[in-house]
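User: I would like to learn how to read the helices in this model. Please take me through it feature by feature.

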Amino acid sequence: MGASKKNLKVLPAVPMFEAEGLLDECIELLTSGEASEGELEGLSENLFKLMDQAKDKRDAVAYKYIEFCKLAEKQLDYAKMFNERAKVAANKAERLREMVLRIMRANGRETLEGEAFRFKLATNPSTVEVEDVDELPEQYVRTKTVVEADKVAIKAALAKGEEVPGAELVEGKQRVDVKLM
C-alpha cells in the first residue's frame, strides 16, 4: 500500500506492518521538503498519531509473544507431567505382568483364561551376552569409526583469519529479543 500525502490524512486502524510502513512514509514526506506548508501541519499531526499507533501495536505484539512463550512453557510442563504419569502407568502394567507370570509359574500353568483375555507363557528369543569384547575372535568384532568436526577449534581458527578447507564461518541468524521497559 503506497502511502501518499493524500491517504496519510485519514488514519485507519491498520496492522503493525502497515503502521510501521505508514510511519516511515510520513517521516519521509516530512523530511523530503516536498510537502506544502498546509500539508506539513497535517503530516505532523499524523506523525504523532502514527507513532502512538505504532507503539501500541508493538506493545500488543510483544504481549502476545510473551503470552505464547508462557503457553509453550506451560505445555512443556504438562508434557513432562504426562510423561511422568505414562512412566508410572507403564511400571504398574509391568508389575501386573510380572505378578501374572509368578502365579502361572507357581501353579505350573501355561495359560490362564478369562472371558475376554488369555494369558499365555511365551519364551523370548535367545540373546547374546558378551563378557569381554577383547577376547572375541576378529570375525565376531565390528569396528565403528566416528569422525566429527571439532567446531570449536574450527571457529577459533576462522576467527583468527586462518583458512580451514571444507569449513566456513557463517554469520549468526538475527533474532528479536523482547524486554519489558
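Analyst: What follows covers one helix, its packing partner and some of its residues. This is a predicted model, in which local features need pLDDT of at least 70, side-chain atom pairs count only at pLDDT 80 or more, and totals for chains, interfaces and linings use all residues. Residues are numbered from 1 along each chain as its sequence is written, and side-chain values use heavy atoms, with hydrogens and water left out.

User: What span should the 70 residues of helix H2 have, and how far apart are its end C-alpha atoms?

Analyst: Helices (H or I, at least four residues) and strands (E, at least two) are DSSP runs, numbered from the N terminus. The expected span of a helix is 1.5 Å times one less than its number of residues. For H2, residues 37–106, that gives 104 Å, and the end C-alpha atoms lie 102 Å apart, which agrees. Just after H2, Gly108 has a positive phi of about 65 degrees.

User: How is the packing of H1 and H2 described?

Analyst: Two packed helices are described by the angle between their axes and the distance between the axes. Axes are lines fitted to C-alpha atoms, for helices over the stretch in contact, and angles run from 0 to 180 degrees between N-to-C directions. Here the angle is about 150 degrees and the axes of H1 and H2 are 9 Å apart. H1 is therefore roughly antiparallel to H2, a term for angles over 145 degrees. Contact means heavy atoms within 4.5 Å; among the residues that make it are Leu23 and Ile27 of H1 and Leu47 and Leu50 of H2.

User: Which residues of H2 are buried, and what covers them?

Analyst: Buried means under 20% relative accessible area, exposed over 50%, and partly exposed in between (1.4 Å probe, protein chains only). The buried residues of H2 are Leu43, Asn46, Leu47, Leu50, Gln53, Ala54, Val100 and Met104. Their cover includes helix H1 (16–32), strand E1 (111–113) and strand E2 (118–120).

User: Is Glu41 buried or exposed?

Analyst: Glu41, in helix H2, has a relative accessible area of 55%, so Glu41 is exposed. Glu41 and Leu30 are eleven residues apart in sequence, with 9.5 Å between their C-alpha atoms. Lys55, also found in helix H2, is partly exposed at 48%. The C-alpha atoms of Lys55 and Leu96, 41 residues apart along the chain, are separated by 61 Å.

How values were computed. Angles under 35 degrees count as roughly parallel, over 145 as roughly antiparallel, 65 to 115 as roughly perpendicular and the rest as oblique.
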